Amino acid sequence: METDPPRPEVLAIAEKELRETPERVKEATEALRELLKGDKTIYFRDDDEFLIRFLRPTKFYPESALALMKRAAEFKKNNASVLENIMPIEEEKFFLENDVVNVLVDRDQNGRRILITNCGSLWDPSKVTADQIFRVFYLIHLGALKEPESQICGTVVIMDFDGLGLKQVRGLTPTFSLRLLTFIQDAMPLRLKEVHIINQPFLFNMVWAMFKPFIREKLKKRMFFHGNKMESLHKHIDPNFLPANYGGKLPKINYSSVEWYPVIRGLDDDIK
């Protein structure tokens, strides 16, 4: 976890892309705190650090930040069966025994965190349900929100469909698709900058048919399809910041979620 204050070059990105200046931070956090106090329908922490998590993705407009907080609360309420009292220890088996979701050690050339999800042969839906994958995504996003530089620079997702078969297609239900896309597009206070689909076989068209109706224009513009052409991926993520698995110049990935599970466990108190 990188919880230090943003470096000067990252603060420059924040000012350019998010309207972030010390004066605006002070003004917006105070205004959002007052708005939150006056709204009896939702209950959130109101310390500066927490409020900034919602102000950064809404470019320091307090009313927009409050609206995002309301959508986040509504999403949790509507998906209570999957998210209620979620804690990392409940997904320990997922982290320790499966290689479905991974977060790269290195950020990319734009300071963005890179999350990889293996939706192909590495995923056995009989052992790991789509709901579990969503729960883990949710826990990881809570971790990323603790990192000021991730709040500012955002994240990139690589979805690897290598070896996709019918059992994986059946595992990606319409319910999961709708839940994931509602979260990303309405309720996630984290900047999702790009989604890269790689190694997708012809069968992927069945998956895409499920997701496509729920995808709005803003997200559609951030989605890129590369097949097995890694040079196409490299137009967006510099190979100097990618492992050899994806045609990058860094060593092959030699770790899985087993190694970084303790990092998520370290967030127990915050998640609680």
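**Exercise 1. Work out whether the radius of gyration of the protein chain agrees with that of a compact globule.**

Solution. Keep in mind that this is a predicted model.
- Start with the length: the chain has 272 residues, and a compact globule with that many would have a radius of gyration near 19 Å.
- Now take the value for the chain itself, which is 19 Å, so the two agree.
- For another view of the dimensions, put a box around the C-alpha atoms along the principal axes: it comes to roughly 50 × 40 × 35 Å.

**Exercise 2. Describe the chain as a whole: its secondary structure, burial, contacts, surface and charges.**

Solution. Let's go one item at a time.
- Secondary structure: you'll find 15 helices and five strands.
- Burial: 53% of the 272 residues are buried.
- Contacts: take those with a separation of 6 or more, and 77% of them link residues 24 or more positions apart.
- Surface: about 13,600 Å² is accessible, and carbon and sulfur atoms supply 53% of that.
- Charges: there are 40 positive and 40 negative side chains, with 5 Å between the centres of the two sets.

**Exercise 3. Trace how strands β2, β3, β4 and β5 are joined.**

Solution. Walk from one strand to the next.
- Begin with β2 (residues 113–118), which runs parallel to β3 and is joined to it by six bridges. One pair to look for is T117 with M159 in β3.
- Step on from β3 (residues 155–160) to β4: six bridges again, and again the strands run parallel. Here V157 has V195 as its bridge partner, while D160 is matched with I198.
- Finish with β4 and β5 (residues 223–227), a parallel pair held by four bridges. Look at V195 once more: M223 in β5 stands opposite this residue.

**Exercise 4. Which residues of β3 are buried on one side, and which on the other?**

Solution. Sort the strand by face.
- In a regular strand, side chains alternate between the two faces of the sheet.
- On one side of β3 sit T155, V157 and M159, and on the other V156, I158 and D160.
- Every one of these is buried, so both faces are covered, given that buried means under 20% relative accessible area.
- That matches the count for β3: six of its six residues are buried.
- Now try β4 (residues 192–198): six of its seven residues are buried, so the rest of the structure largely encloses this strand.

**Exercise 5. Find the buried residues of helix α3 and say what they pack against.**

Solution. Count, name, then look around.
- Helix α3 covers residues 48–55, and six of its eight residues are buried, which leaves the helix mostly covered.
- The buried ones are F50, L51, I52, R53, F54 and L55.
- Their packing partners are α2 (22–38), α4 (62–78), α8 (148–153) and α15 (268–271).

**Exercise 6. Is A31 buried, partly exposed or exposed?**

Solution. Place the residue, then check its accessibility.
- A31 belongs to helix α2.
- Its relative accessibility is 29%.
- Partly exposed runs from 20% to 50%, so A31 counts as partly exposed.
- For a sense of distance, pick P8, 23 residues away along the chain: the C-alpha atoms of P8 and A31 are 26 Å apart.

Notes: Residues numbered from 1 in each chain as written. Predicted model: local features only at pLDDT ≥ 70, side-chain atom pairs only at ≥ 80, totals over all residues. Heavy atoms only, no water. Helix = DSSP H or I, 4+ residues; strand = E, 2+ residues; numbered from the N terminus. Rg over C-alpha atoms; globule rule 2.2 N^0.38 Å. Buried < 20%, exposed > 50% of the residue type's maximum accessible area, 1.4 Å probe, protein only. Contact = heavy atoms within 4.5 Å. Areas by Shrake-Rupley, 256 points an atom, 1.4 Å probe, with all protein chains shown as cover. Lys, Arg positive; Asp, Glu negative; His and termini not counted. Charge placed at Lys NZ, Arg CZ, Asp CG, Glu CD. Pairing = 2+ DSSP bridges.
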